[in-house]
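Please work through the exercises below with the structure open beside you. Try each task before reading its solution.

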Amino acid sequence: MSKQKIEKSVRYYAAQLVQEKGYISPLDVLIKMERITPKQVEDWRRKRVSYLERMILGNLSKLQFILQTLRKFAREQDLKPSETVYKSWGKGAKQQLRFSKSGSPYVEKLYATHYVKK
């Protein structure tokens, strides 16, 4: 998929999510784009997978482009960024979940930031 098609898709689904929920989360956009399934997200939330990127379709540069396009869209729409902490589900101690293999704070923040109507 070309960068133009990806950008168009991100913008379409992001606008749809703002209408439906009043906010956008990167996970919701990735699900809408069929880059990951709700079942895969659940497996990650239940600590069956060590980091989310392992299951997302597409190479890391395309994923980075999706996240940056989403951030750009949110700024243009004057949405407020809100960093969200993702904790594991299920029994036992709740652990903070990792999105990326690298664990880079910048990449983790891109995934964890929701954009909310002001």
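The exercises that follow use a predicted model.

**Exercise 1. Place Ser 100 and decide whether it is buried or exposed.**

Step 1. Find the segment. Ser 100 sits in the loop between β2 (80–83) and α5 (105–112).

Step 2. Apply the cut-off. Buried means under 20% relative accessible area. Ser 100 has 1%, so it is buried.

Step 3. List the contacts. Setting aside neighbours within four places in sequence, Ser 100 is in contact with Tyr 51, Glu 53, Val 107 and Glu 108.

Step 4. Look for a polar partner. The side chains of Ser 100 and Glu 108 are joined by a polar contact of 2.6 Å.

**Exercise 2. Describe the largest nonpolar core and find which helix gives the most to it.**

Step 1. Take the core members. There are 33 residues, and Ile 24, Trp 44, Leu 52 and Tyr 111 touch the most other members.

Step 2. Assign them to helices. At least two core residues come from each of α1 (3–21), α2 (26–32), α3 (38–45), α4 (60–76) and α5.

Step 3. Pick the top contributor. That is α4, with 7 residues.

Step 4. Follow Trp 44. Residues up to four places away in sequence are not counted. Its contacts then include Leu 27, Val 49, Tyr 51, Leu 52 and Met 55. Tyr 86, Leu 97, Arg 98 and Phe 99 are also touched by Trp 44.

Step 5. Look at the helix around Trp 44. In α3, the buried residues are Val 41, Asp 43, Trp 44 and Arg 45. The cover over the buried residues of α3 includes α2.

**Exercise 3. Classify how α4 packs against α1 and against α5.**

Step 1. Read the geometry of α1 and α4. Their axes lie 9 Å apart, and the angle is about 50 degrees.

Step 2. Classify the angle. Roughly parallel requires under 35 degrees, and roughly perpendicular covers 65 to 115. α1 is therefore oblique to α4.

Step 3. Give the handedness. α1 passes α4 in a right-handed crossing.

Step 4. Name the contact residues. On α1 they include Ile 6, Val 10, Arg 11 and Ala 14. On α4 they include Phe 65, Ile 66, Thr 69 and Phe 73.

Step 5. Zoom in on one of them. Arg 11 touches Lys 72, Phe 73 and Glu 76, with residues up to four places away in sequence not counted. Arg 11 has a relative accessible area of 22%, so it is partly exposed.

Step 6. Repeat for α4 and α5. The angle is about 60 degrees, and the axes are 10 Å apart. This pair is therefore oblique too.

Step 7. Give the second handedness. α4 passes α5 in a left-handed crossing.

Step 8. Name the residues that meet. Leu 63, Gln 64, Leu 67, Gln 68 and Arg 71 are on the α4 side. Tyr 106, Val 107, Leu 110 and Tyr 111 are on the α5 side.

**Exercise 4. Examine the positive phi angles of Glu 34 and Lys 47.**

Step 1. Take Glu 34. Its phi is about 60 degrees, although Glu 34 is not a glycine.

Step 2. Place Glu 34. It lies in the loop between α2 and α3. Its relative accessibility is 65%, so it counts as exposed.

Step 3. Take Lys 47. This residue is not a glycine either, yet its positive phi is about 65 degrees.

Step 4. Place Lys 47. It is found in the loop between α3 and α4. With a relative accessible area of 34%, Lys 47 is partly exposed.

Key. Residues are numbered from 1 along each chain as its sequence is written. This is a predicted model: local features need pLDDT of at least 70, side-chain atom pairs count only at pLDDT 80 or more; totals for chains, interfaces and linings use all residues. Side-chain values use heavy atoms; hydrogens and water are left out. Helices (H or I, at least four residues) and strands (E, at least two) are DSSP runs, numbered from the N terminus. Buried means under 20% relative accessible area, exposed over 50%, partly exposed in between (1.4 Å probe, protein chains only). A polar contact is a pair of N or O atoms within 3.5 Å; within protein, one must be able to donate a hydrogen and the other to accept it, and residues adjacent in sequence count only if both atoms are side-chain atoms. Contact means heavy atoms within 4.5 Å. A nonpolar core is a set of buried Ala, Val, Leu, Ile, Met, Phe, Trp, Tyr and Cys residues joined through side-chain atoms within 4.5 Å. Axes are lines fitted to C-alpha atoms, for helices over the stretch in contact, and angles run from 0 to 180 degrees between N-to-C directions. Angles under 35 degrees count as roughly parallel, over 145 as roughly antiparallel, 65 to 115 as roughly perpendicular and the rest as oblique. A crossing is left-handed if the near helix is turned anticlockwise from the far one by less than a right angle, and right-handed if clockwise.
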